[in-house]
Amino acid sequence: MKVEISAVSHSFGAMRVLEDIELTVSAGELVVIVGPSGCGKSTLLNIAGGFTPPSRGQVRIDGEPVVGPDPRRIFVFQERGVFPWLTVEQNIGFGLFRVTEEERRRRIAHYVQLVGLSGFERSFPRELSGGMKQRLEVARALAVNPDVLYLDEPFGALDSITRLQMRRELLRIWQAERKTILFVTHDIDESVQLADRVVVMSQRPGRIRRILTIDMPHPRDLSDPRYIALRDSIFAEIGLAHHV
Amino acid sequence: MRRFSPLLGIVICIAAWQIAIMATRSPLIPGPWEVALAIVELARRGLLLKYVVASLFRVTWGYTAALVLAIPLGLILGMWRRGEDAVNPVLQVLRPISPLAWIPIAILWFGVGDASAIFLIFLASFFPMTVAAMNAVHNVEATHLAAGANFGLTRMQLVRSVVLPSVLPQLVIAMRVTLGIAWLVVVAAEMIAVSSGLGFLIIDARNAGNRYDLVIAGMVLIGIVGVILDLVMRRLETLDFVRWGYAN
């Protein structure tokens, strides 16, 4: 098991946010955590990333307890995470201070191309669109060759067309690099489109209500009856009738 | 056309001044022409450049010394919670005291002369700059610090690669505002402590013969130099390493 979250509970003061979370993720798996806003899913990701020590319980990665942030596991924020004072290539190279200059150049070039930012190497984030900034942040994360990526509603601030393109991009990159990915969203469609498994969480205090395996190959057909059935079962699980 | 509007405003203002003088024949204020002649007179006597340079010299020393001490102090306090809790109340009490209130102390400590004036400019620049640097650190994005920590930066690396670049845009703005304050104060300081500079010119012109044309010439020169200083500082804001911090 790559990531083991065992008996994790968390409170902010008197407010209980997470209750008794048990989740294991295997290497190379893409797990999406979905739930209503305020259910503690972002807190869970911050705990896994080592940014928030849990009130109780433990997270282990490769059997080692997580005690803080670590460059082997990179957290991708919404596009706000890129450094606005650095150019695209400087952003991607930010975490590469332990490798040789030649390796650094090679990786920057590789990831600029992988995320489709060729021609923008010298641009500053203010000159990029929201989707490009998001891809830049993913490239910066991948450049240090982490084994785990944590993505906290990474496409939440993007318009719906860009969001669809970004999901396709993420799947392409994930298939090329085979990272273990923990992805948090409140978008049920997004979870079913991306995940190997979807973790459905309850209202606060967040518990795991159900874990669904999405055994459909990529690219997924969004009109496939199985896709629709899986999606509707999550809507039902969260307690939303699928009508507007 | 828009490029000429600022110039137009000045021309209208001078014209209104001239018309008012002609209409009222008031002896209480000299007209623009007399003031222009006074400036020419200053230039002929070699005082124009001498006084501007004298004032700029004092500002340069007082302001630079303040920046050199205030920026590191403010940054350290901004990053070091307990230090800030201890020092901030003192800063907040000293900050609203006008630098002019320090004049007696300045003369007591440094005597009548350049050192007193420089000390007053230093005080006027030091407090706002320290507070601005401290606040700039507080405004560093938490996500940027988290991202830096995630990539395994040590505390020193985090300061160099995340905190310093983050605070630069706000520091540059604060430097510009503070230079404006320093320039305000040098003129006041020169009225008391020294025998050169634009502030001295104004007081001296009145004391030695009520030369109000020279008084206003001094005021005009102070305004012009102030605008030039501000324009120079504004150039800094267009540099790439701070431009990202200002909304376009």
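Q: What makes chain B a chain of helices and how many strands does it have?
A: Chain B has eleven helices and zero strands. Helices (H or I, at least four residues) and strands (E, at least two) are DSSP runs, numbered from the N terminus. From the N terminus on, its elements read α-α-α-α-α-α-α-α-α-α-α.

Q: What kind of model is this, and how are residues and chains labelled?
A: This is a predicted model: local features need pLDDT of at least 70, side-chain atom pairs count only at pLDDT 80 or more, and totals for chains, interfaces and linings use all residues. Residues are numbered from 1 along each chain as its sequence is written, while chains are lettered from A and ligands numbered from 1 in the order in which they are written.

Q: What share of chain B is buried?
A: Buried residues make up 34% of the 248 residues in chain B. A residue is buried if 20 or more other C-beta atoms lie within 10 Å of its own, exposed if 12 or fewer, and partly exposed in between; C-beta atoms are placed from the backbone. The C-alpha trace of chain B spans about 75 × 55 × 30 Å along its principal axes.

Q: How do you know that the span of helix H10 of chain B is close to the expected one?
A: Helix H10 (residues 212-236) of chain B has 25 residues. The expected span is 1.5 Å times one less than the number of residues, here 36 Å. H10(B) reaches 37 Å from its first C-alpha to its last, close to that value.

Q: Which residues of H10(B) are buried, and what covers them?
A: The buried ones are Asp213(B), Leu214(B), Val215(B), Ile216(B), Ala217(B), Gly218(B) and Ile222(B). Their cover includes helix H2 (32-44), helix H8 (155-193) and helix H9 (198-207) of chain B.

Q: What makes residues of chains A and B count as in contact?
A: Two residues are in contact if their C-beta atoms, placed from the backbone, lie within 7 Å. On that basis, 13 residues of chain B are in contact with 16 residues of chain A. Helix H7 (residues 142-150) of chain B gives the most to the side of chain B that touches chain A, with six residues.

Q: Why is Ala7(A) called exposed?
A: Ala7(A) has 12 other C-beta atoms within 10 Å, so it meets the cut-off for exposed. Ala7(A) is found in strand E1 (residues 3-12) of chain A. Its phi is positive, near 50 degrees, in a residue other than glycine.

Q: Why is Glu153(A) called partly exposed?
A: Glu153(A) has 19 C-beta neighbours inside 10 Å, so it falls between the exposed and buried cut-offs. Glu153(A) is in the loop between strand E7 (148-152) and helix H5 (160-177) of chain A. Its phi is positive too, at about 40 degrees, although it is not a glycine.

Q: Why are H4(A) and H5(A) called roughly parallel?
A: The axes of helix H4 (residues 130-143) of chain A and H5(A) come within 11 Å and cross at roughly 15 degrees. Angles under 35 degrees count as roughly parallel, so H4(A) is roughly parallel to H5(A). Axes are lines fitted to C-alpha atoms, for helices over the stretch in contact, and angles run from 0 to 180 degrees between N-to-C directions.

Q: Where do cis peptide bonds join residues to Pro205(A) and Pro219(A)?
A: The bond from Arg204(A) to Pro205(A) is cis, with omega near -10 degrees. A cis bond also joins His218(A) and Pro219(A), with omega about -5 degrees.

Note on methods. Parallel < 35°, antiparallel > 145°, perpendicular 65-115°, else oblique.
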